[in-house]
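Let's take a walk through this fold together, starting from one short piece and working outwards. Keep the viewer open and rotate as you read.

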Amino acid sequence: MSDAQKSDALLVAVTLVAAISWMFSKEAVLLMPPLMFMAARFLIAGSALALAAWRPLSRLSADQVRRSVGVGLVFGVAMSFWIMGLFHTRSMGEGAFLTSLGVVIVPIIARLAFKEKQPASTWLAIPIAVSGLALLSLKNGFQPEPGQIFFVCAAFIFALYFTLNTRTANQRIVINRRGETIEKHRVPALPLTALALLTVGLVTLVESLILEPWQQTLVDPSPLLIWWVLASALIGTAGRFLLQTYAQSLSAHSHGVVILVLEPIWVALFAAGWFGESMSPVQLGGCALIFTALVVNRWGALGKAIKTWLRNRKTA
C-alpha cells in the first residue's frame with residue numbers, strides 16, 4: 001500500500017472517529033452543562049498534545065504563538081456555537097450536515113477576507129446548499145429551530161477557522177501597512193493544534209463560569225460522565241487531530257478534502273443506531289442537497305481521485 005493510499009484509509013478512520021465523538025459529546029451534555037463540558041474536553045486534549053509537542057512549542061516565536069492563539073480564539077467561538085447546537089438539537093444527523101456547510105463557506109470567506117480566487121464550482125455549490133437549508137427548515141414554516149441556528153452560525157465561524165488555520169500552518173509572504181514584505185513562518189501542525197485546543201478550552205471555561213452553574217456537576221459527578229468526557233477529550237479530540245495530522249503528512253496527493261465530507265453521513269447513521277433518531281423525507285432531502293453541495297464544491301479534487309483510481313485499475 002502506498003503512502004497516499006495509507007493516508008486516504010486513515011482519513012476514512014478520522015471521519016469515523018469524528019462521528020463517534022458526536023455521540024460522546026451528546027451523551028456528556030445530557031449530564032452536565034455544555035460549555036463546562038467543552039472546557040474540560042479541550043483543556044484535557046490540549047494538555048495531552050502540549051506534552052507531546054513540548055519541544056516544538058518551546059521553539060515557537062512570539063508571532064507564531066500569537067497567530068496560533070488567534071486561530072484558537074476563533075475555533076473556541078465556533079465550538080461554543082456548535083455545542084449549544086448539539087445541546088438544543090433534536091437530530092444530530094441534521095446538525096452534522098448543517099455544520100458541514102463550513103466546507104462550502106470556506107472559499108467564500110477566503111475570497112471576501114483574503115481576496116483568494118475561487119473556482120466556479122464554489123459558486124455553483126452555494127445555491128444547492130441554501131436549498132438544502134430551506135428544506136431542513138420547511139417543517140417549521142421556514143422558522144428554524146434554535147439548534148439549527150446555532151449549527152449554521154458555527155458553520156460560518158468554522159469556515160473562518162479553517163481559513164486561518166491553513167494560513168497559519170503554511171509559509172507565506174505578506175505586505176504590512178508600510179509596504180514592507182514580511183515572511184510569516186509556518187507553525188508546525190502539532191504545536192499549532194495544541195495551542196488552538198488549549199485556547200478553545202480557556203474560551204469555553206470563561207463562558208461557562210459566566211453563564212452556567214457548576215455546583216451540581218462537581219458535587220455528584222456520574223462515573224459515566226467522567227468516561228464520556230475522557231473519551232471525547234482523548235479519542236474524539238486529541239486522538240482524532242493527531243491521526244488526521246499524521247494522515248495528511250503521509251502524502252501531498254491524498255484526497256482528504258473529499259473523504260472528510262463523509263463525516264455527516266457517519267453521524268446520521270450512528271445517531272440512528274445509537275439514539276434511534278430518524279428524519280422525515282423532507283429533512284433527508286435537505287441533507288442530500290447539502291451533501292451534494294459539498295461534493296460540487298470539491299469536484300476538482302473528486303475528479304482527480306476518480307482519474308487516479310481508474311488509472312490504477314488499468315495498470316493493475
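**Starting from H5**

Eight of the eight residues of H5 are buried, so this helix is largely enclosed by the rest of the structure. Keep in mind that what you're looking at is a predicted model. The buried residues of H5 are Met92, Gly93, Glu94, Gly95, Ala96, Phe97, Leu98 and Thr99. A residue goes into that class when its relative accessible area is under 20%.

So what does H5 pack against? One partner is helix H8, residues 146–169, whose axis sits 8 Å from that of H5, at an angle of about 30°. Angles under 35 degrees count as roughly parallel, and H5 and H8 therefore run roughly parallel to each other. Their crossing is right-handed. On the H5 side, the residues to click on are Glu94, Gly95, Leu98 and Thr99, and on the H8 side they are Gln148, Phe151, Val152, Ala155 and Phe158. Sorted by class, that contact of H5 with H8 has five nonpolar, three polar and one charged residues.

Let's stop at Phe151, which lies in helix H8. Is Phe151 buried or exposed? Its relative accessibility is 1%, so Phe151 counts as buried. Leaving out neighbours within four places in sequence, Phe151 is in contact with Trp22, Trp82, Gly85, Leu86, Thr89, Gly95, Leu98 and Thr99. Take Thr99 from that list: Phe151 and Thr99 are 52 residues apart in sequence, yet 5.5 Å apart in space, C-alpha to C-alpha.

Now turn to another partner of H5, helix H13, which covers residues 263–275. The axes of H5 and H13 come within 8 Å and cross at roughly 165°. Anything over 145 degrees is classed as roughly antiparallel, and H5 and H13 are therefore roughly antiparallel to each other. Here, too, the crossing of H5 and H13 is right-handed. Met92, Gly93, Ala96 and Phe97 are the H5 residues in this contact, meeting Pro264, Ile265, Val267, Ala268, Ala271 and Phe275 of H13. The contact of H5 with H13 divides into nine nonpolar residues, one polar and no charged.

Before leaving this area, look at Ser91, in the loop between helix H4 (62–88) and H5. With 6% relative accessibility, Ser91 counts as buried. Setting aside neighbours within four places in sequence, Ser91 is in contact with Glu277 and Met279.

That loop takes us back to H4, which has a crossing of its own to look at. How do H4 and helix H9 (residues 189–211) meet? Their axes come within 7 Å and cross at roughly 50°. That makes H4 oblique to H9. H4 passes H9 in a right-handed crossing. If you want to trace the contact, the H4 residues are Val65, Ser68, Val69, Val71, Gly72, Leu73, Phe75, Gly76, Val77, Met79 and Ser80. Facing them in H9 are Leu192, Leu195, Ala196, Leu197, Thr199, Val200, Val203, Thr204 and Glu207. By class, the contact of H4 with H9 splits into 13 nonpolar, six polar and one charged.

Two more residues are worth a click. Ser58 lies in helix H3, residues 54–58. At 55% relative accessibility, Ser58 counts as exposed. The C-alpha atoms of Ser58 and Pro191 are separated by 9.2 Å, with their positions 133 residues apart along the chain. Then there's Leu10, found in helix H1, residues 3–29. Leu10 is partly exposed, with a relative accessible area of 22%. Leu10 and Gln244 are 234 residues apart along the chain, but their C-alpha atoms are separated by 7.4 Å.

Finally, zoom out to the whole chain. You'll find 15 helices and two strands. Of the 316 residues in the chain, 45% are buried. Among contacts with a separation of 6 or more, 85% come from residues 24 or more positions apart. As for the outside, the accessible surface of the chain comes to about 15900 Å², and 67% of that belongs to carbon and sulfur atoms.

Definitions and conventions: Residues numbered from 1 in each chain as written. Predicted model: local features only at pLDDT ≥ 70, side-chain atom pairs only at ≥ 80, totals over all residues. Heavy atoms only, no water. Axes fitted to C-alpha atoms, helices over the stretch in contact; angles between N-to-C directions. Helix = DSSP H or I, 4+ residues; strand = E, 2+ residues; numbered from the N terminus. Parallel < 35°, antiparallel > 145°, perpendicular 65-115°, else oblique. Left-handed = near helix turned anticlockwise from the far one by under 90°. Contact = heavy atoms within 4.5 Å. Nonpolar A, V, L, I, M, F, W, Y, C, P; charged D, E, K, R; others polar. Buried < 20%, exposed > 50% of the residue type's maximum accessible area, 1.4 Å probe, protein only. Areas by Shrake-Rupley, 256 points an atom, 1.4 Å probe, with all protein chains shown as cover.
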